[in-house]
Amino acid sequence: MGTYRIAAIPGDGIGKEVIAAGCRALEQLANQKSDLKIEFETFPWGSDMYLETGEMMPADALETLRGFDAIYFGSAGDPRVPDHVSLWKLRLAICQGLDQYANIRPTKLLPGLASPLKTGTPATIDWFIVRENSEGEYSGAGGRVHQALSNEVGLDVSVITREGAERIQRFALEIARSRPRKKLTFVTKSNAQRHAMVLWDEVFEVVSTDYPDVQTDRVLVDAMAARFVTDPESIDTVVATNLHADVLSDLAAALSGSLGLAPTGNINPERNAPSMFEPIHGSAFDIMGHGSANPLGAIWSASLMLDHLGETDAASALFDAIERVTGEGSQLPRDLGGQAGTDEVTQAVCDAI
Ligand code: NAD
Ligand code: MN
């Protein structure tokens, strides 16, 4: 029931291809719903800009973005630019600058699709991974000392703060509470990482007592990776630190069919700045320009964006359209075993809408 201004940042590689597809699906949806209006402004930020100007985005980019209701992001990463530069100067700069500290990653086995799990493919996969998105292993703290000498040192310091741990854990507990199974798996590695991870655990012990209705269990991250494969139906909501959840959610995406399918949202829960929605995959150098990228991850991310904006009916309509395309099965992209290109899959979603 509203008009929304969306900042689209296609970025690099197939990010440009899938964000164009997602905008098409959103426009189709808005055409069908007279009470929904979506206005896009597209920003040409990314590695092309970096190669011209030395910056991935302008100095006042965060201020510009604050004027929008949400951000729709493609990917940062280009073979001509070091990955840590493209990532930190664009995507991470936005996530940290706008305090999008909660990264949400729903995973579902969609109709018509098979999990690559060869034995005992589960009847359902319906997981919700919550990733700490502002500190932990990707805090950016660290440095390089004695550069180019034989005693050179490189340090990445994993930073967990009491406040940072508490806010993401509460966020995850609230999500677990809102889902039918009311179940949260807490992921840690405090057996080996004995400072920050122990704090991470201690905070959870306290915070989780405020949620007696949520059933919790605590699992070490390596065992959790195995459990995704061996006991997928035991999992519902998961909370983990930045690096751990990054890795686990790519595994989750692959187990549900393909990386090209998986959506995410970088959420600012306090809503004092816009949140950002993107497929979890990267620039996919191996297929960029081929017209074969799977747009469903980007389109599902657009559904998460609508949901965040409070447009729950529109969000469901878009997600239903994705499920109809996978269920019907004739217009599947190549990474899901089909023959359809980005355009054809997008058209199929638009038709389903
Ligand atoms: P990637 O996700 O780009 O690709 C991994 C594999 O999955 C490739 O074989 C690719 O073809 C396939 N794939 C990914 N998305 C697909 C889609 N929509 N349809 C079909 N196949 C798809 O990961 P990578 O190769 O590790 O990274 C490539 C670049 O992307 C790097 O520069 C990396 O830093 C960047 N990256 C950016 C983000 C981001 O901006 N959020 C995330 C991950 C990687
Ligand atoms: Mn990742």
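Two strands are counted as paired if DSSP finds at least two bridges between them. This tour of a predicted model begins with one such pair.

**Stop 1: a pair of strands**

Select strand E1, residues 2-11, together with strand E3, residues 70-75; the two pair in the parallel sense over five bridges. Within this pair, select Ala7 of E1 and look across to E3, where the bridge partner of Ala7 is Ile71. As a general point, strands of a sheet pair through backbone hydrogen bonds, in either a parallel or an antiparallel sense.

**Stop 2: the whole sheet**

Next, display the sheet to which these strands belong. It is an open sheet of ten strands with mixed pairing, in the order E2-E1-E3-E12-E11-E4-E5-E10-E8-E9. Which strands stand at the edges? They are E2 (36-42) and E9 (215-220); each has a single partner strand, so one side of each is left without a neighbour in the sheet. Direction ignored, neighbouring strands of this sheet are turned by 25° against each other on average.

**Stop 3: a helix on the sheet**

Now select helix H9, residues 296-308, which packs on the sheet. The strands that H9 touches are E1, E2, E3, E4 (102-108), E11 (263-267) and E12 (275-279). The direction of H9 makes about 160° with that of E12.

**Stop 4: H1 against H9**

Keep H9 in view and add helix H1, residues 14-32. Two packed helices are described by the angle between their axes and the distance between the axes. For H1 and H9, the axes come within 8 Å and cross at roughly 50°. That angle makes H1 oblique to H9, and the crossing is right-handed. To see the contact, select Val18, Gly22, Ala25, Leu26 and Leu29 in H1, which meet Ala298, Ile299, Ala302, Met305 and Leu306 in H9. By class, this contact has nine nonpolar residues, one polar residue and no charged residues.

**Stop 5: H1 against H11**

Leave H1 selected and add helix H11, residues 342-352. These two helices pack at an angle of about 20°, with their axes 9 Å apart. H1 and H11 are therefore roughly parallel to each other, and their crossing is right-handed. On the H1 side, the contact is made by Glu17, Ala21, Arg24, Ala25 and Gln28; on the H11 side, by Thr342, Asp343, Thr346, Gln347, Val349 and Cys350. How do the residues of this contact divide, and how many are charged? Four are nonpolar, four are polar and three are charged.

**Stop 6: H10 against H11**

Finally, select helix H10, residues 312-328, alongside H11. The angle between H10 and H11 is about 120°, and their axes lie 8 Å apart. H10 is thus oblique to H11, in a right-handed crossing. Leu318, Ala321, Arg324 and Val325 of H10 meet Ala348, Val349 and Ala352 of H11. The residues of this contact comprise six nonpolar, no polar and one charged.

**Stop 7: the full view**

Return to the entire protein, which has eleven helices and twelve strands. Along the principal axes, its C-alpha atoms fill a box of roughly 55 × 50 × 40 Å. What radius of gyration would a compact globule of 353 residues have? The expected value is near 20 Å, and the protein has 20 Å, which agrees.

Definitions and conventions
Residues numbered from 1 in each chain as written. Chains lettered and ligands numbered in written order. Predicted model: local features only at pLDDT ≥ 70, side-chain atom pairs only at ≥ 80, totals over all residues. Heavy atoms only, no water. Axes fitted to C-alpha atoms, helices over the stretch in contact; angles between N-to-C directions. Helix = DSSP H or I, 4+ residues; strand = E, 2+ residues; numbered from the N terminus. Parallel < 35°, antiparallel > 145°, perpendicular 65-115°, else oblique. Left-handed = near helix turned anticlockwise from the far one by under 90°. Contact = heavy atoms within 4.5 Å. Nonpolar A, V, L, I, M, F, W, Y, C, P; charged D, E, K, R; others polar. Rg over C-alpha atoms; globule rule 2.2 N^0.38 Å.
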